[in-house]
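Let's work through some exercises together, with the structure open beside you. Try each task yourself before reading its solution.

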Amino acid sequence: MTYGKLIAFVLLLAACSGKKTKLRDPVNIPGTRVMMSLPKNYSVSKKFIGVEKGRITGILIYDMSDGNYFGNAKTFDRKTMEAKGAKVFEYAQTTVDGYPAKFLYMQGDPSKAGMMLVFGDSTFSCSLMAAFIPGNDVLAQEIKDILMHVQYDKKIRVNPFDIAGFTLDSTVSRFKFASYNAGMYTYSVNGVKKQSYENEPLVIVTQLPSEGVSTAKETAKAMLISYQQKGFFPYQQPIERNTSLNGYEAYEAILNGTSMGDTVLFYQLATLKDEKIFVFQGIAKNEFGSNLEEFKRLGYSMRLK
């Protein structure tokens, strides 16, 4: 190869490696105030809140419309992820759509690479998490381009039940819908919305993608572990059983324990349909008998769409 051809070849490689992803006009992702510009081979997911490319590449969105970016992103950094055993390829503090942001490209699983973007301000916090097969630099750049072109429109009014795969009959219980945040539906006594419910009983319904999980029981138990990591300590074995929820197999558990010095009743009812898992959770710090009955009445009124 002549010197002139070598230079031409190097320039061609540089042009290819720096090629930007061709993105379409931004579209709103249902259930969020996020606007995303996507390549033509991406689509809004029907399994989770976010977008996907085929069955092996996805970007999940957690839009905390009443969150605080500065608090939520405090431990989102290279040091924290490496302490958890992840290999971090890239970490940056940047801006996205004019908001302060943090970006991570890492790998914690041999079969999956991941990119995470967190951005927002004192009134909201939005997280995007992408999972894809490692070793594909073109795909990695494509996903990074998508994340870096995200927009956020505070004027969008989100109707959380447009994306809900379930309905609850709140006429059978004193717990009514109060708020929605990042895929979680909160029901409080009479539907009162608060920043903190302190000692008041509460119901939270979460819908999640079922990929990689064979039963709803697995997800319910995993969620219980996360509560234990936050200070909930069961003081006896759970009362658990496999049951039926309006035609679908379900898992039910009742636990008694302590949290921050308080005695706590923890109730779970979980089921699975198609590619979604639904976990109904009730938490009470008093009136355990009556609250448990209320939890069960509302939980067993669940219908899956």
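**Exercise 1. The second largest pocket**

Task: Find which strand gives the most residues to the lining of the second largest pocket.

Solution: In this predicted model, the strand to pick out is β8, which gives 5 residues to that lining. Next, look at the wider list: the elements that give two or more residues are β5 (57-64), β7 (99-109), β8 (112-120), β9 (125-132) and β14. Now turn to single residues. The lining is made up of 30 residues, and those nearest the pocket's centre are L60, K112, M129, A130 and A131. Finally, the space in this pocket comes to about 820 Å³.

**Exercise 2. The nonpolar cores**

Task: Name the residues that touch the most other members of the largest nonpolar core.

Solution: Start with the core itself, which has 55 residues. Within this core, M36, F119, L128, F166 and F280 touch the most other members. Helix α4 (residues 137-148) is the element that gives the most to this core, with 5 residues. A second core, separate from that one, has 13 residues, including A216, M223, A253 and V264. As background, nonpolar side chains in soluble globular proteins tend to be buried together.

Then zoom in on M36. Setting aside residues up to four places away in sequence, M36 touches D25, P26, V27, I29, V51, I59, I61, L128, I146 and V150.

**Exercise 3. A residue in helix α4**

Task: Decide whether E142 is buried or exposed.

Solution: First locate E142, which sits in helix α4. Its relative accessible area is 12%. The cut-off for buried is under 20%, so E142 counts as buried. To see what surrounds E142, leave out neighbours within four places in sequence: the contacts are then T21, P39, N41, Y42 and K53.

**Exercise 4. Helix α5**

Task: Check whether the length of helix α5 (residues 216-229) agrees with what its 14 residues should span, then work out where its buried residues lie.

Solution: Take 1.5 Å a residue, counting one less than the number of residues. The expected span is 20 Å, and the end C-alpha atoms are 20 Å apart, so the two agree.

Next, pick out the buried residues of α5: A216, T219, A220, M223 and L224. They cover an arc of only 140° around the axis, so they lie on the same side of α5. Among the elements covering these buried residues are β14 (202-209), β15 (232-234), β17 (248-259), β18 (262-273) and β19 (276-284).

To finish, move past the helix: α5 is followed by G231, which has a positive phi near 115°.

Technical notes: Residues numbered from 1 in each chain as written. Predicted model: local features only at pLDDT ≥ 70, side-chain atom pairs only at ≥ 80, totals over all residues. Heavy atoms only, no water. Core = buried A, V, L, I, M, F, W, Y, C linked by side-chain atoms within 4.5 Å. Buried < 20%, exposed > 50% of the residue type's maximum accessible area, 1.4 Å probe, protein only. Helix = DSSP H or I, 4+ residues; strand = E, 2+ residues; numbered from the N terminus. Contact = heavy atoms within 4.5 Å. Arc of directions from axis to C-beta. 1 Å grid on protein atoms, 1.4 Å probe; cavity = no way out; pocket = protein on both sides within 12 Å on 5 of 7 lines; lining within 4 Å. Points joined across faces, edges and corners; volume = space filled by probe spheres on them.
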